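Take a look at the fold below. We will walk through it helix by helix.

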Amino acid sequence: PGVGAAFAGAAETIGSDYELRRTLAKALERPLGDEVLVRLLRTARSIGSDYELAELLVAVVRSQRLEGGTRDAFAEAAETIGSDYELRRTLAEAVERPLGGEGLVPLLRAALSIGSDFELAELLVAVARSQRLEGEARDAFEAALETVGSTYERRRVEEALASPGAAPSRSR
């Protein structure tokens, strides 16, 4: 943990988004402890380029476990992405992993930042096909769906929920 904290501290001094992303991504080549991963994700929030931050967060999803505090730090970093496309792409990568209801909630809350009906619908379709929607996760999903203004896009999400390929969920 001490070396990881020192690494993250040194990385915070890098001014280039590309170089910072590249440096942080190098740390992801091995499993990181929760404390170090949270610090890395907090450092990542200083990346101003939506593309560079999305690339780093996708690498995090592919190489690290997102549970508890790391999942929350991931969602907080994702919320700093301004591009609807890059945010959807990043969150879609995360929701393809088994999360459980509790793990899905911060990601769905981050999705509320997506202003594009198409991009949000794409993400919600991916969630409907890959995750169980129960309790708080179902509420967060429905809150995100409420922000989709396009009738066409809402219908796409509702059809994905009702399709046989959708992840099973129980109604309350």
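L53 sits in helix 4. This is a predicted model. L53 has a relative accessible area of 0%, so this residue is buried. What does L53 contact, leaving aside its neighbours within four places in sequence? The partners are A44, I47, A77, T80 and I81. L53 also has R21 at a C-alpha to C-alpha separation of 6.9 Å. Along the sequence, L53 and R21 are 32 residues apart.

Now widen the view to helix 4 as a whole. Helix 4 covers residues 50–63, and helix 5 covers residues 68–78. The two pack at an angle of about 160 degrees. Their axes are 10 Å apart. Angles over 145 degrees count as roughly antiparallel, and that makes helix 4 roughly antiparallel to helix 5. The crossing of helix 4 past helix 5 is left-handed. Which residues meet here? Helix 4 brings L53, L57, V60 and V61. Helix 5 brings F74, A77 and A78. Seven residues of this contact are nonpolar, with no polar and no charged ones.

Between helix 4 and helix 5 runs a loop, and E67 lies in that loop. Is E67 buried or exposed? E67 has a relative accessible area of 43%, so E67 counts as partly exposed. The C-alpha atoms of E67 and G103 are separated by 7.0 Å. In the chain, E67 and G103 are 36 residues apart.

Step back along the chain to another helix pair. Helix 2 spans residues 17–27 and packs with helix 3. The angle is about 170 degrees, and the axes are 11 Å apart. Helix 2 and helix 3 are therefore roughly antiparallel to each other. Helix 2 offers L20, L24 and A27 to the contact. Helix 3 offers L40, T43 and A44. By type, the residues of this contact are five nonpolar, one polar and no charged.

T43 deserves a separate look. T43 belongs to helix 3, which covers residues 34–44. Its relative accessibility is 2%, so T43 counts as buried. Not counting residues up to four places away in sequence, T43 touches A8, A11, E12, L20 and L24.

Next comes the pairing of helix 6 and helix 8. Helix 6 runs over residues 84–95. Helix 8 runs over residues 117–130. Their axes come within 9 Å and cross at roughly 5 degrees. Angles under 35 degrees count as roughly parallel, and helix 6 and helix 8 are therefore roughly parallel to each other. Which residues make the contact? From helix 6 come D84, Y85, R88, L91, A92 and V95. From helix 8 come E119, E122, L123, A126, V127 and S130. The residues of this contact divide into seven nonpolar, one polar and four charged.

Helix 8 also holds F118. F118 has a relative accessibility of 40%, so F118 counts as partly exposed. Leaving aside its neighbours within four places in sequence, F118 is in contact with E153 and R156. L91 lies 27 residues from F118 along the chain. The C-alpha atoms of F118 and L91 are separated by 14 Å.

Follow the F118 contact to E153. E153 is placed in helix 10, residues 151–162. Is E153 buried or exposed? The relative accessibility of E153 is 9%, so this residue counts as buried. Not counting residues up to four places away in sequence, E153 touches D117, F118, A121 and V148.

One last topic is the largest nonpolar core. How many residues are in this core? There are 56. Among these, F74, L91, L124 and F141 touch the most other members. Helix 8 gives the most to this core, with eight residues. Consider L124 in particular. Not counting residues up to four places away in sequence, L124 touches L108, F141, A144, L145, V148 and V157. F141, one of these partners, is also among the residues that touch the most other core members. V148 links back to E153, since both L124 and E153 touch V148. Two more names from the core have come up before. F74 takes part in the contact of helix 4 with helix 5. L91 takes part in the contact of helix 6 with helix 8.

Notes: Residues are numbered from 1 along each chain as its sequence is written. This is a predicted model: local features need pLDDT of at least 70, side-chain atom pairs count only at pLDDT 80 or more; totals for chains, interfaces and linings use all residues. Side-chain values use heavy atoms; hydrogens and water are left out. A nonpolar core is a set of buried Ala, Val, Leu, Ile, Met, Phe, Trp, Tyr and Cys residues joined through side-chain atoms within 4.5 Å. Buried means under 20% relative accessible area, exposed over 50%, partly exposed in between (1.4 Å probe, protein chains only). Helices (H or I, at least four residues) and strands (E, at least two) are DSSP runs, numbered from the N terminus. Contact means heavy atoms within 4.5 Å. Axes are lines fitted to C-alpha atoms, for helices over the stretch in contact, and angles run from 0 to 180 degrees between N-to-C directions. Angles under 35 degrees count as roughly parallel, over 145 as roughly antiparallel, 65 to 115 as roughly perpendicular and the rest as oblique. Ala, Val, Leu, Ile, Met, Phe, Trp, Tyr, Cys and Pro count as nonpolar, Asp, Glu, Lys and Arg as charged, and the others, Gly among them, as polar. A crossing is left-handed if the near helix is turned anticlockwise from the far one by less than a right angle, and right-handed if clockwise.
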